[in-house]
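Student: I would like to learn how to read a model of this kind, beginning with its strands and ending with a whole chain. Could we go through it feature by feature?

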Amino acid sequence: MTEPLIRPKRKNPLQRTRRPLSPQAVRSRTAHGLTAAAAEGRFALQVCEDCKTVIYPPRDCCPSCFSARLPFRDVARGGVLIAETTVQTSTDPYFRERTPWRVGTVKLDVGPVIVAHLHGDAQEGRRVRLDLKLDKSGSAVAMALPEKDTPNMADDPHLREMTCDPKFRRVLITDGRTAVGQALAKAFANAGASIIFVGIADSWKPFSGLEALRRIERVEIVPLDVTDTESVTEQAEQNGARIDIVVNTAEHVRSGGVVDRHGLTVTREEMDVRYLGLARLAQAFGPILRARGADGVNSAAAFVNLLSVHALMNWPIYGSYSAAEAACLSAAQCMRAELRPGGVKVMNVFFGPLETEWFQTVPPPKVAPAALAGAVVRGLQQGLEDVFVGDVAEDIRQRLAVNPKALEREIAS
Amino acid sequence: MTVDVLSFARAIAAGEVRVIDLTQTLSQDFPTIVLAPELGQCAPFRMEEVSRYDERGPAWYWNNISLGEHTGTHFDAPIHWISGKDLPNNAVDTIDVAKFIAPAVVIDCSKECAADPDFALTIAFVEQWEARHGKIEPGHWVLLRTDWSKQGFTDYANLRDDGAHTPGPEPAVVKWFVEQRDVHGFGTETIGTDFGQGHHFNPPFPAHFYMHGKGRFGLQCLSNLDLLPPKGAVIVAAPLKIKQGSGSPLRVLALLSGPKT
């Protein structure tokens, strides 16, 4: 049974903050099939199209039939931990700081034998579930979890290295005026976050959700306007060193296309709130997050982007909005590369139309703010990089994978 | 009689003419007018540092700024309102520059506004004021002292679920200012020249409708009106020369005779 995590003591200000280190990150191009699965929380291995052999480690040629047709497919994750050992020391600086570290061999029901990191509750000779996780370097590794959930299993220190669990972490929600921001404050409180900073711009503009926000345990309202560089910088200066997870909830949803719009005022606002807002947050909070990636139990862990799935494929009736979302997606890819040296994940959460005012005229299915908030928290708990929430997001993801041109035409009609 | 502008300048330097700043600082957090969110919005003041003695410009500090024509302390030109759209020389770049310097009367209704944020200025109120201070002469700015500029931002904007509650003029008094008193323009401490609930008046937004319809000007987000006498101040209010601009942020100065008391 996992020892429950205890609330970390306040940091000793006289001690040096340890610099983040990464485990070895090099993977072959083919092996990034595992990275793709781990990013979404799927368990996928190569399955030979010709002889159906399940293959590990990733290869370019089937060891049974020499076929080169080896796509990654989701497969069953059950198996048996057939042997384990404990690494007591290592020449690798990352593992050197984290020993003892258990590793073991898992014989999967679907065939292959995989060397995996071991959760504390995974026992030799017993059945386990294998998970693909992104480690601090952002690369996929296998981790053996006990077959059934055990008490406090998320608190396992090896597992917590792979996840961004909000428990005992301090979160910044950048815009508390949105329904999603308010739902997230509740979700993070329920997930055991230590402090939930909630940004409010223009405090002189009243809004109905403020009292409810204030009533949520451990919520602290802070002034923050993502369109104002000075405001973002000041917030980072004041609280940046004690913020472990940033969730950018600033949104700007308006219908209208690129041709079918009158003037650029709204378009400029979209880009200001979304793309420039993200850039301001990235410059203000990014460096300090990256520096605090190994800062104990409440180390800096993640930057979360809430993105319309139409960042992936423009939806012309919300076409200008889609374009701003696409700009944010591109920025998020850059941020991943920039924050990875600190072991800080950039999690993109894609969703279709929300059950909120600005999507009033859009027919269902729509995503409830609470559902999106729940998906954000679960994604962090699992350590994901890409999350798709709701039917529209999942549908677009699948159609994009099969035939992007068909999707482009169909979404416009 | 020839006026000696050099002696005027010497009087300013000697403190015999006092100069009072009626301008709010242009800052990011200063409230702007709020319209229904589906309508176009006035941009708030924003500032991006270009360089500050650093690798982006080693020996100099400067910023790029962005803002709307109606952000912060600003001037309204007649072209701002539909009623003034066809007037000649109705934009900030074409208004006769001599009109940027004009005397002002200051009507103090600060006590009334402290008691009631929905205080509406009436003809009767102004007539009482005239009984004490004399008739408003043609060509004067009428500045409404409400002490609203001394409020915190929340009370300053005073937005409730039925909109803003801030003082301003009734339609009849604005029409009367223009037609009976031939005023130069109308200036306020609040975000707009109009009453907070002025969209329910007929016509809606009368300070805009009547003033601009007759080619008169507006000043809003003024401060320090409490430092001005009821009569005797001269206002210097020259907007930026924006091509066909509907208004402009500006520095508003009041000139007063007599040394500082």
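Student: Which residue stands opposite A:Leu45 in strand 3 of chain A?

Tutor: Keep in mind throughout that this is a predicted model. Strands of a sheet pair through backbone hydrogen bonds, either parallel or antiparallel. In this case A:Leu45 stands opposite A:Arg73, and strand 1 (residues 44-47) of chain A is joined to strand 3 of chain A by 3 bridges, the two running antiparallel.

Student: What is the order of the strands in that open sheet, and which are its edge strands?

Tutor: The open sheet has 3 strands in the order 2-1-3 (chain A), with antiparallel pairing. Strand 2 (54-55) and strand 3 (72-74) of chain A are the edge strands, since each of them pairs on one side only.

Student: Turning to the interior, which residues touch the most other members of the largest nonpolar core?

Tutor: That core has 95 residues, and A:Val349 and A:Val376 are the ones that touch the most other members. Its largest share, 7 residues, comes from helix 7 (residues 265-291) of chain A, while domain 1 (32-156) and domain 2 (170-411) of chain A each supply at least three residues. If residues up to four places away in sequence are not counted, the residues that A:Val349 touches include A:Val304, A:Leu306, A:Ala375, A:Val376 and A:Val389. A second, separate core has 47 residues, among them B:Val126, B:Ala207, B:Met211 and B:Ala233.

Student: How many residues does each chain give to the contact between chain A and chain B?

Tutor: Chain B gives 12 residues and chain A gives 10 residues. On the side of chain B that touches chain A, strand 2 (46-54) and helix 4 (153-157) of chain B are the elements that give two or more residues, and the largest share, 4 residues, comes from helix 4 of chain B. By residue type, this side of chain B divides into 7 nonpolar, 3 polar and 2 charged.

Student: Why can chain B be called as compact as a globular protein of its length?

Tutor: The radius of gyration of chain B is 19 Å, close to the 18 Å that the globule rule gives for 261 residues, so chain B is as compact as a globular protein of that length. The chain has 6 helices and 15 strands, and along its principal axes its C-alpha trace spans about 65 × 55 × 40 Å. Of its 261 residues, 37% count as buried. Among the contacts in chain B with a separation of 6 or more, 72% come from residues 24 or more positions apart.

Conventions: Residues are numbered from 1 along each chain as its sequence is written. Chains are lettered from A and ligands numbered from 1 in the order in which they are written. This is a predicted model: local features need pLDDT of at least 70, side-chain atom pairs count only at pLDDT 80 or more; totals for chains, interfaces and linings use all residues. Two residues are in contact if their C-beta atoms, placed from the backbone, lie within 7 Å. Ala, Val, Leu, Ile, Met, Phe, Trp, Tyr, Cys and Pro count as nonpolar, Asp, Glu, Lys and Arg as charged, and the others, Gly among them, as polar. Two strands pair if DSSP finds at least two bridges between them. A nonpolar core is a set of buried Ala, Val, Leu, Ile, Met, Phe, Trp, Tyr and Cys residues joined through C-beta atoms within 7 Å. A residue is buried if 20 or more other C-beta atoms lie within 10 Å of its own, exposed if 12 or fewer, and partly exposed in between; C-beta atoms are placed from the backbone. Domain bounds come from an automatic or database domain assignment. The radius of gyration is taken over C-alpha atoms; the globule rule is 2.2 Å times the number of residues to the power 0.38.
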